[in-house]
Amino acid sequence: MKIRIIILMLLTAVTSGLQAQVPEPAAPQEEAILLKGGIAHLGNGQVIQNSFIAFDQGKITLVADATRTRIDFAGYKIIDITGKHVYPGFILPNSQVGLQEVSSIRAMDDYRERGDYNPNVRALVAYNTDSELPPTFRVNGILLAETTPTGGRFSGTSSLMHMDGWNWEDAVHTADVAIHMNWPARQTGQFDFATFTFKRKPNKDYDKQVREVAAFFDDALAYGAATDKERNLKLEAMQGLFDGTKVLMVHTSGPKDIVDAVAVAKKKGVQRVAIVTGTDALLVKDYLAANKVPVVLTRLHSLPDREDMDVDLPYRMAVELTQAGVTVALSHTGMLALARNLPFYAGTSAAYGLDKEEALKLITLNPATILGVADKLGTLAEGKDATLFVSEGDALDFRTNKVVQAYIQGRQLHLKNRQQVLYERYMKKYGLQK
Amino acid sequence: MKKVILFWMLLLAVVFAQAQETFPRNDVKDVRPRAYAFVHATIVADHQTVFNNGTMLIKDGKIEYVGGARDIPAGYTVYDLSGKYIYPALIDPYSNYGEPKPERPKGNFFRGPEQIQSKRKGAYNANEAIKADFDAAEHFVIDNKTAGQLRKLGFGAVNTFRADGLARGTSTLVTLADGSENEVMLKEKAAAHYSFNRGSSTQAYPISTMGYIALLRQTYLDADWYSRQNPKPFADQALDGWLASQSLPQIFDTKNWLEVLRADKLGDEFGVQYIIKSGGDAYKRIKEIKATGATLIVPLTFPEAYDVEDPLDALQVSLADMKHWELAPGNLAALYQNGIPFAITAAGLKNKNDFWKNLRTAIGRGLPEEAALQALTETPARLLRVSDRLGSLHTGKVANFIITSDKLFSDKNIIHENWIQGKRYVIKPLDVADYAGKYDLQVGDRQFAVTIKGEPGKQKARIVINDSTKIDLKTKFSQNLLTASFQLPKEKGSIRLSGWRVDNGWRGSGELVDGTWIAWSMLKTGELEKKENKKENNKPDKEEKLGQVIYPFVAYGTTTLPGQQTILIKNATVWTSDEAGVLEHTDVLLKDGKIAKIGQNLSEPGALEIDATGKHLTPGIIDEHSHIGASSINDVATNSGMVRIGDVIDPEQINIYRALSGGVTAIQILHGSANPIGGQSALIKLRWGASPEEMKIKGADPFIKFALGENVKRSRSNNSIRYPQTRMGVEQVYMDAFSSALEYEKKWQAYNSLPKKIKAQTPPPRRDLADETMLEIIRGKRFISCHSYVQSEINMLMKVAEKFGFRVNTFTHILEGYKVADKMKEHGAGASTFSDWWAYKWEVRYAIPYNAAIMSKEGVVTAINSDDANQIRRLNQEAAKTIKYGDMPEEEALKMVTINPAKLLHLDNRMGSIKVGKDADVVLWSGHPLSVYSKAEKTIIDGKIYFDLEQDQQRRAYIRQERARLIQKMKDVKKNGGPTQRPHPHRSYDYHCEDIVNDSLTN
């Protein structure tokens, strides 16, 4: 009797486990692991065709060429990945992951606070670890994402999250990495129904709005210096920009607006500035390179902004900026679910002129650098987080991106998400073979 | 004898022309002679008749005589017009003069609540936009201010209407005289007007150009049916108005050349040849415009140059806008040179004073002056069927004419007077005295030298103290008097003079600064020294260099379209999407637009050989679900089965070229998903540069869009009141529509089976285009592509179809197709889905990227579609995702964007695979066609290379060079003080199927 009950309970647990919304978060790394024989794409431009990658207690302990290195296999759980590819976990910056579930349903949205000056609102605390999107990201190699508020002038503070975890405290990699702001637009767009076109008008208030932004920085600076003051959460949140602990991510388009944004931010003592933009960055790429301002690109797979533009210009954005000496990270804008295609944006950049390993940097080392976490993430290097994955083939191409193992700080992820569960269920229903 | 009859006729005309004789009098009788003779003028009676030293007699507003010099009968006031010209007054066939302005519609079209019924009170049409009962004559009120502006330009009469609605009712022909409406109205009902602009209507349907066309089409049928009923089944004054105005000239308002073609095509369906008011860009497609056979009414609206000083700002001006700026002034010349008849209108000019400037510019571009005159006089008179009264100067016609200083189109010409119905309106007086010369001004005991200079009427006087000091002598000349004043240097006030004209100057009295009165005189001492006119020699008459028209008229268009070639592709990896599989090192010969041979070591003399070593050749990509290439996508009637995308193909959208760059050769342009029964689709090939009709795939089966779920129940519009609001209601919409279609069929069968004699006496049943469409579906003559997401609704539609004995051809989007793949297979439906979209709304919560693989493996014909102008460029990559998600074999993955969509569109006998005899629609890829690293190098349709990576570079270079040239030209305009406008981007809207917004919501 007892046994029956236990079996029944076990069965219930198993089935409910399968039906759970998201896979169970991974358990901590318990033993040292050695990935042996894989083609290691280090994320810094280098490849080791036959590699040893070892990690223990969540950190990478060895990155070596297996053909030149002899190691003692004892003490490792050895996983042979010969012929497979191993990559540092891909990083998705500028995303609403965890803050948005079904975009058309307002109750499921948590990314846009009311008001214009919200540097103090923190995406971290709203991050939903039960969101069904991260499990679909990580099967494509995206293991980290910057979860980011939107809207207003200062949208809020973002955090870098692992795509796995029991709760937000558990899932966070680095809290409060960036403040996102929307630069005033020099021109405001309006849809004109009479001609059925977008028409842009000069923003008469542009100068005024820029002065407001500058004044906000001034207030924040003054607040930071003052000894006797009433607590101001907004100004307090801004302090990280001046001591370099947070990066200012400025969303803007329009080449002139980009220049203004950088100039004002630098003048006001912001230590690290990055621009979030699209093809307009190309018009001021030399300025960006000279001022060492990195760029987070909006969706690469997008249409040219103008009729006359080169048909493939959006595809070439990262290529041309990189060649001009700008540090570029790729992101995704638009339908959040499609952010899982981030690896293929890097692939496109390779198709349009970047070396494949250079293209890989766009989603590994570069975003880590921009977000200030390159000491822990972005490459396969000893001492860094063991946040990495193994793919059957080239992870930047559709046909070969098949993630078979993934680790976040050494914890091996359950890769089966609900979409795969449904896949298997219906294949079984129809009696079909995979 | 003839002369005698004419005399009596004229006399009678005069007697009966006294419109005011029925009006009560409040004075003694005051009938004036109103007889005038104009002598010694150059009279241009019409565009081919000129009388030098001519005479014209007019009496009581009519022309009595036009010809050479003759005796003037007694009782005529004589005007000597030596050196002057007389022309017929101009006629504007397209005006809103004196008509009420339509109200602007209020409210938000997109949020709801939808206004399903007409709000117009009274016995009028079911649709508010049909205002065919409007009678401009009834509402006409003289507006002397506007009339004055038009008279100044030389106009004597206008055809005026109210610009409101798709059917706008009748216009009235009036002169621009003041006085009473009774006198100026020459023809109460002059023409019937139509447009692609629903105006003040707030009714939900129609909101798109294709909906407008559908409604007009149905109204033609309704009016015909209504006219055959006796007694009438109901009163509809709009249809009454429509029927009554069919015999009038039919004038259709359009915005651009595309709409000209659309209007003409609509007219052709009902045997109507419209006169078409065009947008001034006919030159872009002159061949197609000529083929319409329509006479155009053409505006003189030429865009201003853009301010392109800042290179970054200048980027916002498209090449198309720049080229149009340059070429628009040549539009009239192009019409003339191609023998297209046209009239000219002043309509649309922001500044009416641009009329003559622009007209002269057009003449400078090659429009002959005679043709211009004809287009402003005789042609509008002919179009409005009043050639017997207006448009030229001949005996018996209305005395509408202008007196000018010079030839009408000369730069120097001044319109002095505009006579309308024999009434004189002085614009610039003829008899302005010329006082130019040197004078001696004597004021008391002081003497000054004075010069008077300038054009008569605007002359200015100056006191010459010495060579370097001149003082303005402020003067006000009138015929008999002069007022003048001047202030001497160092004096605190001015000396003021008043005097009268004497033979050689003026004399009078005046007041000095200190208040002393004095006598003064200013007498002519001689003429001014003539200066040599240098200006005219300064400008070397350089022929202006102009760019060429490109097809399509947008960036990446070209002056010549690709021709059909014999092409031999050598040594490619050929993905046949056919039983033959993938063939290595294979040659493919394209000839006469077809795939002629596939094999090894082929050779073909004269063929263009392409070395495809290391490259891959695939069939052209076919998108089952696209919204590019049409001006509008959604209309909103619950059953929009009468709406046709094919009516609004727009071949000028840049997204067509962009899709070509991704290897796409054919698409289905589907109606949107705003309603359970959407409009009819259009199947086109991406023949970049072709006309709308040439884009269409000839002989393709007809399709229609259906839609289910959140969009059709208006889930995101909280205020929506439109039926249906649930998936339950959606089923009932279909049940109702198909049942209604069967009833409709019965009605017609009953009518058609009547004995001949009875049938001839029985009015036929009303034709209903929505019912007819539904019937086509039931009878297997039209095929459904149904937007769908969740399994319940997919299942439902299949069951509805089975009840009516037909099959659903395709479920498109179909993100939960994997849940009912077995049922779809059994039903015989195909699937066209997204590769990896989900989570953007509730009904795609359970969408999985394995969907395509599951359906395909279960035996459903499965395609991957784009629904998106962006994604359409990477359909090969979208197909590749089925390898990642679902382990599809590579060949099968590629089939999802080639032969499978071809099957779904019933085009698989002609395209979709590389097989001898099929259309030469192929793509050459730089590498593996499913790899992210590959690019389409050549996209070939019908054996014509429409996209080529190398040609693309040339096109980019052309865009750069043309832009640079035009920017320089525009900068010159600015430098020379010409008007410029701020650059603004013209980004057109990229449709998705959920977009309710549409192309033509004006007002």
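## A helix, an open sheet and a barrel

Welcome to this structure, which is a predicted model. A good place to start is helix α8 of chain A, covering residues 313-323, which lies across β14 (295-297) and β15 of chain A. The helix runs at about 165 degrees to β15(A).

**The sheet in chain A**

Both of those strands belong to an open sheet of eight strands with mixed pairing, in the order β6-β7-β8-β9-β12-β13-β14-β15 (chain A). Which strands stand at the edges? They are β6 (90-95) and β15 (328-330) of chain A; each has a single partner strand, so one side of each is left without a neighbour in the sheet. On average, neighbouring strands here are turned by 25 degrees against each other, direction ignored.

Further inside the order, strands β8 and β9 of chain A run antiparallel. Phe154(A) has Met181(A) in β9(A) as its bridge partner.

**The barrel in chain B**

Chain B holds a closed barrel, also built from eight strands, in the order β18-β19-β20-β21-β22-β23-β24-β25, and its pairing is antiparallel. From one strand to the next, the twist averages 30 degrees. Within the barrel, β20 and β21 of chain B are joined by bridges, and Ala461(B) stands opposite Leu473(B) in β21(B).

**Two strand pairs side by side**

Here is one pair from each chain:

| One strand | Its partner | Bridges and direction |
|---|---|---|
| β8(A), residues 154-162 | β9(A), residues 172-182 | six bridges, antiparallel |
| β20(B), residues 460-464 | β21(B), residues 470-477 | four bridges, antiparallel |

Methods. Residues are numbered from 1 along each chain as its sequence is written. Chains are lettered from A and ligands numbered from 1 in the order in which they are written. This is a predicted model: local features need pLDDT of at least 70, side-chain atom pairs count only at pLDDT 80 or more; totals for chains, interfaces and linings use all residues. Two strands pair if DSSP finds at least two bridges between them. Helices (H or I, at least four residues) and strands (E, at least two) are DSSP runs, numbered from the N terminus. Axes are lines fitted to C-alpha atoms, for helices over the stretch in contact, and angles run from 0 to 180 degrees between N-to-C directions. Two residues are in contact if their C-beta atoms, placed from the backbone, lie within 7 Å.
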